Amino acid sequence: MNTRVSKRYAQTLFSAFALSVLSITASAQEGHDQDKLYVLSSIKPVHSLVAMVTGDLANSEIIVKGAASPHTYALAPAQARDIQRADAIFWVGEDLEAFLEKPLATIGARATLIELMETPGLQKMKFREGGAFEKHDDHDDDDHDDDHDDDHGHDDDHDKHDDHDEDHDDDHGNHDDHDGFDPHIWLSPDNAKRILAYIASALGDLDPDNKAAYIANATAAMQDIDQLTDAITDNLSPIKNGGFLLFHDSFQYFEHAFGLAASGAISIHPEVAPGARRIAEIRRLLRKRNVRCVFTEPQFDAKMVDVILQGTGKRAVEIDPLGAALPQGDTLYFELMQAMSTSFRKCLG
């Protein structure tokens with residue numbers, strides 16, 4: 001055989017072998033442990049709750065990583081492949097992760113889809129209306145909605161109603177679900193415990209051999225959340241009468257759990273700039289002595305907040321309901337809630 005041909009033949013064989021090895025290695029890495037469930041979670045807080053239940057019994061991964069926001073997220077090809085091969089996918093629902101709705105219905109069709117907004121016994125709260133929030137004694141969803149209907153009947157609230165109409169018209173195409181339920185359900189410790197039970201039930205159905213372990217893990221995590229709740233309650237009890245404004249209405253579950261009450265929100269939806277009337281209303285609120293700060297979120301540009309705060313003497317404080325700067329994992333939920341408690345102390349203390 002010609003030496004040059006022989007070398008070329010050997011190189012070809014080596015290249016084919018190398019590609020084969022790389023392919024097998026990549027396949028093994030993508031498949032993780034083939035004997036375990038492959039579980040996907042949409043966002044960091046959901047992944048943390050799922051990880052508390054799975055422990056090392058399943059391969060648990062996340063879709064929206066780092067500091068990205070589910071409001072603006074675009075699915076990458078690699079993540080589409082993850083969705084395609086997942087056994088179970090946990091998400092809050094289309095009100096929060098709208099980008100997942102179509103992929104889950106198509107390429108995620110083989111997976112068991114668990115929408116956490118459908119958790120049995122979940123407390124769901126409706127979005128509050130207007131730049132300024134009215135204080136209510138009862139935050140339950142039905143009473144909350146009825147109170148707004150009553151408030152809009154008063155003549156002295158006419159300007160606020162017009163303001164809402166203007167902002168809602170500007171925002172209608174981007175946030176048709178404004179009249180629906182706030183999807184930031186994990187910010188209520190009681191909801192988090194119900195979600196843990198729902199996760200354990202779903203995984204137990206898919207993996208009966210480990211059902212008892214999933215339930216035990218969820219029960220232990222619930223006890224840890226009870227301890228967390230007590231610690232946050234003690235931390236916030238001295239400051240719960242202070243006023244604050246939000247960048248957008250996403251914290252009412254936390255407020256309700258710990259006796260806090262926002263005075264209003266700058267934006268109906270984080271991706272839509274508020275109208276002139278709404279900004280004027282927010283600036284009126286900032287003149288009130290009890291309003292101490294405006295909360296910003298790391299997922300969104302704070303320039304609008306800076307403009308609104310000019311000349312008011314009030315400050316901006318960052319708060320994060322998603323855990324952007326926190327490492328993903330089973331402890332993230334606890335760190336996230338503790339960080340939020342610290343942010344409220346910084347604002348109101």
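**Figure 1. Leu122 touches Leu116, Met117, Ile185, Asn191, Arg194 and Ile195, leaving out residues up to four places away in sequence.** Contact here means heavy atoms within 4.5 Å. The model is predicted, so local features need pLDDT of at least 70 and side-chain atom pairs count only at pLDDT 80 or more, while totals for chains, interfaces and linings use all residues. Residues are numbered from 1 along each chain as its sequence is written, and side-chain values use heavy atoms, with hydrogens and water left out. Leu122 sits in the loop between strand S4 (112-115) and helix H5 (141-151). Helices (H or I, at least four residues) and strands (E, at least two) are DSSP runs, numbered from the N terminus. Leu122 counts as buried because its relative accessibility is 12%. Buried means under 20% relative accessible area, exposed means over 50%, and partly exposed is in between (1.4 Å probe, protein chains only). From C-alpha to C-alpha, Leu122 and Arg194 are 6.7 Å apart in space, although 72 residues apart in sequence.

**Figure 2. Helix H7 covers residues 189-206.** Two of the residues touched by Leu122, Asn191 and Ile195, are among the buried residues of H7. The others buried in H7 are Pro189, Ala192, Leu196, Ile199, Ala200, Ala202, Leu203 and Gly204. H7 has 18 residues and reaches 26 Å from its first C-alpha to its last, close to the 26 Å expected at 1.5 Å a residue. The expected span of a helix is 1.5 Å times one less than its number of residues.

**Figure 3. Val92 lies in the loop between strand S3 (88-91) and helix H4 (101-105).** Is Val92 buried or exposed? Val92 counts as buried, at 1% relative accessibility. Not counting residues up to four places away in sequence, Val92 touches Ser42, Ile43, Val46, Glu97, Glu115, Leu116, Met117, Pro183, Ile185 and Trp186. The C-alpha atoms of Val92 and Ile114 are separated by 8.2 Å, with their positions 22 residues apart along the chain.

**Figure 4. Leu40 is found in strand S1 (residues 37-41).** Its relative accessible area is 1%, so Leu40 is buried. With neighbours within four places in sequence left aside, Leu40 is in contact with Glu61, Ile62, Ile63, Asp82, Ile83, Ala86, Ala88, Ile89 and Phe90. Leu40 and Asp87 are 47 residues apart along the chain, and their C-alpha atoms are separated by 8.1 Å.

**Figure 5. Helix H2 (residues 44-54) packs with helix H12 (residues 332-348).** Two packed helices are described by the angle between their axes and the distance between the axes. For H2 and H12 the angle is about 135 degrees and the axes are 8 Å apart. Axes are lines fitted to C-alpha atoms, for helices over the stretch in contact, and angles run from 0 to 180 degrees between N-to-C directions. That angle makes H2 oblique to H12. Angles under 35 degrees count as roughly parallel, over 145 as roughly antiparallel, 65 to 115 as roughly perpendicular, and the rest as oblique. Lys44, Pro45, Ser48, Leu49 and Met52 of H2 make the contact with Leu332, Tyr333, Phe334 and Leu336 of H12. By class, this contact has 7 nonpolar, 1 polar and 1 charged residues. Ala, Val, Leu, Ile, Met, Phe, Trp, Tyr, Cys and Pro count as nonpolar, Asp, Glu, Lys and Arg as charged, and the others, Gly among them, as polar.

**Figure 6. H2 also crosses helix H8 (residues 211-236), at roughly 125 degrees.** The two axes come within 7 Å. H2 is therefore oblique to H8. Met52, Val53 and Thr54 in H2 meet Tyr214, Asn217, Ala218 and Ala221 in H8. The contact of H2 with H8 has 5 nonpolar, 2 polar and no charged residues.

**Figure 7. The largest nonpolar core has 73 residues.** A nonpolar core is a set of buried Ala, Val, Leu, Ile, Met, Phe, Trp, Tyr and Cys residues joined through side-chain atoms within 4.5 Å. Which residues have the most contacts inside the core? They are Phe90, Trp186, Phe244, Phe254 and Phe344. H12 gives the most to this core, with 9 residues. Leaving aside neighbours within four places in sequence, Phe254 is in contact with Leu187, Ile232, Leu236, Leu260, Met337, Met340, Ser341 and Phe344.
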